[in-house]
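Reader: I am in my first year and still learning how to read a structure slowly. Could you take me through one part of this one with care, starting with whatever term I need first?

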Amino acid sequence: QVQLVESGGGLVQAGGSLRLSCAASARSFIYYMGWFRQAPGKEREFVAAISWRGGTTNYGDSVKGRFTITRDTAKKTGYLQMNSLRPEHPAVYYCAAGLHITTVPTRYDYWGQGAQVTVSS
């Protein structure tokens, strides 16, 4: 069983930055970690994913060049650095863990509780 605890959400002005963290509680954590976001009334959208062992990354088209996903294997924590944030609708950002690096949310087995991110214009 894996539990994921997120932190780092909040309110930021357009053009600013935030870093989200996702700490995994498990004896050993060898999964793929993904980040998704969901705005009210919309489907969950893929943001980024990383392979825990090799660090291979994948990004959604809307965040390429602005967001960076990393991980600290010793701390069993993943990070999502978000730069040049845009005044989009409020969204909840979720981290997830699964056995495949994929953009499909249903293929992830474990989910964090979500972190609210709001970007003001």
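Author: A salt bridge, as the word is used here, is a side-chain nitrogen of Lys or Arg within 4 Å of a carboxyl oxygen of Asp or Glu. Please keep in mind that this is a predicted model. By that rule, the count of salt bridges comes to two.

One of them joins the side chains of Arg37 and Glu45, with 2.9 Å from N to O. Its two partners differ in their surroundings, because Arg37, at 7% relative accessibility, falls under the 20% limit and counts as buried, whereas Glu45, with a relative accessible area of 32%, is partly exposed. The other salt bridge links Asp61 with Lys64, and here the closest N and O atoms are 3.2 Å apart; both of these residues are exposed.

From there we can turn to the sheet, which is an open one of four strands in the order E1-E3-E8-E7, paired in the antiparallel sense. Strand E1, residues 3-7, and E7 are the edge strands, since each of them pairs on one side only. From one strand to the next, the twist averages 20°. Inside this order, strand E3, made of residues 18-25, pairs with E8 over six bridges, again antiparallel, and Leu18 stands opposite Met82 in E8.

The loops on either side of E8 deserve a careful look as well. In the loop between strand E7 (67-72) and strand E8 (77-82) we find Lys76, whose phi is near 55°, a positive value in a residue other than glycine. Lys76 has a relative accessible area of 23%, so it is classed as partly exposed.

In the loop between E8 and strand E9 (91-98) lies Ser84, and this residue, although not a glycine, also has a positive phi, of about 50°. Ser84 counts as partly exposed because its relative accessibility is 38%, a value between the limits of 20% and 50%. Once its neighbours within four places in sequence are set aside, Ser84 is in contact with Gly15, Gly16, Ser17 and Arg66. A further distance helps to place Ser84: its C-alpha atom is separated by 9.6 Å from that of Val63, although the two residues are 21 residues apart along the chain.

How values were computed: Residues are numbered from 1 along each chain as its sequence is written. This is a predicted model: local features need pLDDT of at least 70, side-chain atom pairs count only at pLDDT 80 or more; totals for chains, interfaces and linings use all residues. Side-chain values use heavy atoms; hydrogens and water are left out. Helices (H or I, at least four residues) and strands (E, at least two) are DSSP runs, numbered from the N terminus. Buried means under 20% relative accessible area, exposed over 50%, partly exposed in between (1.4 Å probe, protein chains only). Contact means heavy atoms within 4.5 Å. Two strands pair if DSSP finds at least two bridges between them. Axes are lines fitted to C-alpha atoms, for helices over the stretch in contact, and angles run from 0 to 180 degrees between N-to-C directions.
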